[in-house]
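The exercises below ask the reader to work through a fold from its local turns to its helix packing. Each task is followed by a solution that proceeds step by step.

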Amino acid sequence: MDDAVLLTYCLAKPGAWQDEPWEGDVVAKVGDKIFAFLGATSVGLKCGRTREEADELVRVYPDDVAASAYIGRYGWNTIRLTGTIPEDELYELVDLSYEAIVRKLPKSKRPTA
């Protein structure tokens, strides 16, 4: 899967918008929170409430998934876009990351579908 397709998918979510908080680093946000860090060859997603939950994906795809630098302890993984992980599973991971972030937003800032 290419990063442009993944970005388009992310931005189709209710209330999602693109930001570049650091020069050259594209992210997808909902409200004021990031739910996807988008790179040319990888994506960073919230894959669990804890590191232990996120490690389940690392165990399944050890060559393509790793704990994200700095925020990995909070359940974030970096997923390489090599084609090993099926597209439908990548879309599901984006959905789960988006939903996890929306749940943490104050009700007044949650998007309406």
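**Exercise 1. Find the glycine with a positive phi in the hairpin of β1 and β2, and describe how these two strands pair.**

Solution. In this predicted model, the hairpin of β1 and β2 has 2 residues between its strands, and glycine 24 there takes a positive phi near 85°. The next step is the pairing itself: β1 and β2, the latter made of residues 25-30, run antiparallel and are joined over 5 bridges. Beside the turn, tryptophan 22 has aspartate 25 of β2 as its bridge partner, and aspartate 19 is matched in β2 with valine 27.

**Exercise 2. Which residue forms a salt bridge with aspartate 19, and which parts of the chain does the pair tie together?**

Solution. The partner is lysine 29, with the closest N and O atoms 2.8 Å apart, which satisfies the cut-off of 4 Å for a salt bridge. Aspartate 19 belongs to strand β1 and lysine 29 to strand β2, so the salt bridge ties together parts that are 10 residues apart in sequence. A search of the whole structure finds 5 salt bridges.

**Exercise 3. Follow the pairing onward from β2 and establish the order of the strands in the sheet.**

Solution. Begin with β2 and β3, which run antiparallel and are joined by 5 bridges; alanine 28 has alanine 36 in β3 as its bridge partner. Their hairpin has 2 residues between the strands, and glycine 31 takes a positive phi near 60° in it.

Continue from β3 to β4, where 3 bridges join the antiparallel strands and phenylalanine 37 is matched with glycine 44 in β4. The hairpin formed by β3 and β4 has 3 residues between the strands.

From β4 the pairing passes to β6, again antiparallel, with 5 bridges, among whose residue pairs serine 42 has arginine 80 of β6 as its partner. Finally, β5 and β6 pair in the antiparallel sense over 3 bridges, and alanine 67 finds its bridge partner in asparagine 77 of β6.

Put together, these steps give an open sheet of 6 strands in the order β1-β2-β3-β4-β6-β5, with antiparallel pairing. The strands at its edges are β1 (16-22) and β5 (65-67), each of which has a single partner strand, so one side of each is left without a neighbour in the sheet. With direction ignored, neighbouring strands of the sheet are turned by 30° against each other on average.

**Exercise 4. Which strands does helix α3 touch as it packs on the sheet, and what angle does its direction make with that of β4?**

Solution. Helix α3, residues 87-104, touches β2, β3 (33-38), β4 (42-46) and β6 (76-80), and its direction makes about 45° with that of β4.

**Exercise 5. Characterise the packing of helix α1 against α3 by distance, angle, handedness and contacting residues.**

Solution. Two packed helices are described by the angle between their axes and the distance between the axes. The axes of α1 (residues 3-11) and α3 come within 11 Å and cross at roughly 40°; the two helices are therefore oblique to each other. The crossing in which α1 passes α3 is right-handed. On the side of α1, the contacting residues are Val5, Leu6, Tyr9 and Cys10, which meet Tyr91, Val94 and Asp95 in α3. Sorted by class, this contact of α1 with α3 contains 6 nonpolar residues, no polar residues and 1 charged residue.

Note on methods
Residues are numbered from 1 along each chain as its sequence is written. This is a predicted model: local features need pLDDT of at least 70, side-chain atom pairs count only at pLDDT 80 or more; totals for chains, interfaces and linings use all residues. Side-chain values use heavy atoms; hydrogens and water are left out. Two strands pair if DSSP finds at least two bridges between them. Helices (H or I, at least four residues) and strands (E, at least two) are DSSP runs, numbered from the N terminus. Axes are lines fitted to C-alpha atoms, for helices over the stretch in contact, and angles run from 0 to 180 degrees between N-to-C directions. Contact means heavy atoms within 4.5 Å. Angles under 35 degrees count as roughly parallel, over 145 as roughly antiparallel, 65 to 115 as roughly perpendicular and the rest as oblique. A crossing is left-handed if the near helix is turned anticlockwise from the far one by less than a right angle, and right-handed if clockwise. Ala, Val, Leu, Ile, Met, Phe, Trp, Tyr, Cys and Pro count as nonpolar, Asp, Glu, Lys and Arg as charged, and the others, Gly among them, as polar. A salt bridge is a side-chain nitrogen of Lys or Arg within 4 Å of a carboxyl oxygen of Asp or Glu.
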